[in-house]
Amino acid sequence: MSQYNSVNEEMKAQAEKVKKQPFSKRIAYFWYYHKWQLIGGIAAVLLVGSIVHTLLTDHQKLYLTGVFLNTRLTSTGREDLIQEYTDTNGIDTVKYSVDFDCSLAYSTDDTYDSVNTYTPVMMLAYSEGKVADFALTDAKTFDFFGYAGYYCNLNDELDESLLTQFADRFYELDLDDGNGSVPVAIDISEAPKLSLLGYEKDDVVLFSLFYNSPHKEQALTFLTWLFTE
């Protein structure tokens, strides 16, 4: 049985625990001493990804790309999700591609194993390469990526209607940019379509927009679709 009385209480408790960990200092240290190796690795990832994507989808234009961290979604489930989303929204998959990367995982328990080393590099590549539009992340690992500066201040991206709709679902961080605590994610744990995403009903799952997202409007359409019955 959970020691917390609500999802919001658990999220706040997790945030307090994470704040005591020097995540931002780890990122700064890693960047200072390994930036050129990291840049080279990211360039290689992006080059290979670009070539593969061109070979596979040179007849399509990118419509929406999302990253699902720590999902349990199978390859079949991923294809079913894309099919349902594109069919429901009338997206022409001959002209446009919708893709979700469900292969990445991260854990705060052992940040130096091979999986945890690979995932931040890929997340940086998705962000700085202007490839991915949004990310879904479980609350336990969200702050590592949130404090890295991957995501938008949602006050700047959502219109009044969406700000009102999701006001009580915002997850905030203080990014030390002089703006205080700002909403960088939306709790989608109660979204009717959560089960399609490969997360369990007890998971706290957060939706964020990459600040370099090339298709923010489509990403927000996907968000609102998740909350339709």
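These legends accompany a set of close-up views of a predicted model.

**View 1. Helix α3 meets helix α7.** Here we look at α3 (residues 75-88) and α7 (residues 216-226), whose axes come within 12 Å and cross at roughly 100°. An angle from 65 to 115 degrees counts as roughly perpendicular, so α3 and α7 are roughly perpendicular to each other. On the α3 side, the contact is made by L81, E84, Y85 and T88. The α7 side contributes Q218, T221, F222 and W225. If you like to sort by chemistry, the residues of this contact of α3 with α7 divide into four nonpolar, three polar and one charged.

**View 2. Strand β6 under cover.** How many of the five residues of β6 are buried? The answer is five of five, so to speak a full house for the strand at residues 205-209, which is mostly covered. In a regular strand, side chains alternate between the two faces of the sheet. In β6, V205, F207 and L209 point one way, while L206 and S208 point the other way. The residues on both sides are buried.

**View 3. The partners of β6.** Let us stay with β6 and turn to its pairing. Strand β3 (residues 134-138) pairs with β6 in the antiparallel sense, over five bridges. Look for A135, whose bridge partner in β6 is S208. Strand β5 (residues 181-187) also pairs with β6 in the antiparallel sense, here over two bridges. In this pairing, I186 stands opposite F207 of β6. Both β6 residues picked out here have appeared before: F207 and S208 point opposite ways from the strand, and both are buried.

**View 4. S127 and its surroundings.** Where does S127 sit? Its place is in helix α4, which covers residues 114-128. Buried means under 20% relative accessible area, and S127, at 1% relative accessibility, therefore counts as buried. Leaving aside residues up to four places away in sequence, S127 touches Y150, F210, Y211 and N212.

**View 5. Two cysteines, C102 and C152.** This last view shows a pair of residues worth a friendly glance if you are setting up cysteines. Are C102 and C152 buried or exposed? With 17% relative accessibility, C102 falls under the 20% cut-off and so counts as buried. C152 has 4% relative accessibility and therefore counts as buried too. As for disulfides, the structure holds zero.

Definitions and conventions:
Residues are numbered from 1 along each chain as its sequence is written. This is a predicted model: local features need pLDDT of at least 70, side-chain atom pairs count only at pLDDT 80 or more; totals for chains, interfaces and linings use all residues. Side-chain values use heavy atoms; hydrogens and water are left out. Axes are lines fitted to C-alpha atoms, for helices over the stretch in contact, and angles run from 0 to 180 degrees between N-to-C directions. Helices (H or I, at least four residues) and strands (E, at least two) are DSSP runs, numbered from the N terminus. Angles under 35 degrees count as roughly parallel, over 145 as roughly antiparallel, 65 to 115 as roughly perpendicular and the rest as oblique. Contact means heavy atoms within 4.5 Å. Ala, Val, Leu, Ile, Met, Phe, Trp, Tyr, Cys and Pro count as nonpolar, Asp, Glu, Lys and Arg as charged, and the others, Gly among them, as polar. A disulfide is a pair of cysteine sulfur atoms within 2.5 Å. Buried means under 20% relative accessible area, exposed over 50%, partly exposed in between (1.4 Å probe, protein chains only). Two strands pair if DSSP finds at least two bridges between them.
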